[in-house]
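User: Please take a close look at the aromatic rings in this model. Which rings pair, and where do they lie?

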Amino acid sequence: MKMSRYTPGLLMGLGLGLLSTAASAQTNADSTGLPGDQFSLQGALELFKQAASPEAFEQLLNSESSKVNNLDLNEDGKTDYIRVVSKKENDVQVFVLQALVSDKESQDIAVIELEKTGQDNAVLQIVGDEDIYGEETIVEPSDEDQAVLEARPSLLAKGPNLEVLPVDAATGVIVNVWAWPCVRYVYAPSYRIWVSPWSWGVRPAWYRPWRPLAWTVYRPIRYHFRPHYTVVHTRRVVYAPRIYRPMRVTSVTVVNRHQVAVNHYRTTKVNRSVATHGNRHGQVSRKTTTVQGPRGNKVSRTKTTVRRKH
């Protein structure tokens with residue numbers, strides 16, 4: 001009799017516990033566990049779209065109200081300052097987003113690749129660094145905003161006509177970003193290449209670091225930027241990597257700290273891809289070996305073989 005009196009309460013408590021666990025699992029389901037979770041590539045493009053210059057873009061990146069940067073790579077309890085370093089060759093420009101980790105180390109987070117393709121045309125993408133996102137992650141503007149601009153030509157009354165640049169059906173469309181103020185600014189004849197003057201020991205007077213948000217809080221903010229930008233696998237500015245590769249900067253501290261998570265992410269993704277490929281084309285076998293990495297650390301590499309069906 002006593003047990004029956006408490007049974008409804010026990011069942012209710014158990015049910016609430018299961019719901020809480022399920023909600024927590026759902027919340028973390030799309031977290032990779034990589035530092036890239038704490039920086040929105042889509043949000044960075046949105047800020048670049050709003051900024052009047054690379055200098056203004058850097059200030060927006062490091063403003064708490066923008067809610068794009070939630071990185072704390074050195075784990076000091078404060079968000080990392082992101083400086084912008086740019087370089088130009090002919091009509092191609094790159095803008096490197098670089099986190100200050102310590103007085104001796106910095107870490108590239110992403111690079112914005114921009115190319116002027118005509119008198120009134122320009123294309124743009126942002127590429128997340130592989131040590132931060134597990135692999136190079138390419139994001140570009142979607143054509144949703146383009147449709148809005150074409151439907152309201154008054155928005156471009158003082159600017160060039162923004163047409164959608166056609167490409168093949170497999171890759172969709174390329175959005176012309178020439179009307180973005182920062183884009184026109186950096187292609188003006190008077191523009192001088194912007195290289196951030198700030199460093200670990202010298203920060204701008206307006207900068208106020210803030211405490212990073214928990215993932216459960218930052219997640220919905222991060223996804224707020226997604227509708228107007230899309231992840232793609234095609235590089236639009238093909239010459240940009242030649243400019244950027246020699247100037248890429250990585251932090252040994254950051255790479256070592258996240259190496260296990262990055263390797264796990266890469267292995268898991270390869271395994272999923274291989275499993276799908278193998279089911280379609282034949283039997284899959286994998287062999288994992290440990291080799292010496294470029295920085296003297298040990299790196300796991302997996303060789304995959306597919307025995308095709310006859």
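Analyst: The aromatic pairs come first, then the charges over rings. This is a predicted model, in which local features need pLDDT of at least 70 and side-chain atom pairs count only at pLDDT 80 or more, while totals for chains, interfaces and linings use all residues. Residues are numbered from 1 along each chain as its sequence is written, and side-chain values use heavy atoms, with hydrogens and water left out.

Rings of Phe, Tyr and Trp (its six-membered ring) pair if their centres lie within 6.5 Å; planes under 30 degrees apart count as stacked, over 60 as edge-to-face and the rest as tilted. The count by this rule is seven aromatic pairs. One of them joins Phe-48 and Phe-95: the ring centres are 5.4 Å apart and the planes stand at 55 degrees, so the pair is tilted. Phe-48 belongs to helix 2 (residues 41–50) and Phe-95 to strand 2 (residues 92–100), so the pair ties together parts 47 residues apart in sequence. Helices (H or I, at least four residues) and strands (E, at least two) are DSSP runs, numbered from the N terminus. Phe-48 is buried at 0% relative accessibility, and Phe-95 is buried at 0%. Buried means under 20% relative accessible area, exposed over 50%, and partly exposed in between (1.4 Å probe, protein chains only). Ring pairs link Phe-48, Phe-57 and Phe-95 into a cluster.

A charge sits over a ring if NZ of Lys or CZ of Arg is within 6 Å of the ring centre and within 35 degrees of the ring normal. Arg-203 has its charged end over the ring of Trp-200, 5.2 Å from the centre. Arg-219 lies over the face of Tyr-223, 5.5 Å from the ring centre.
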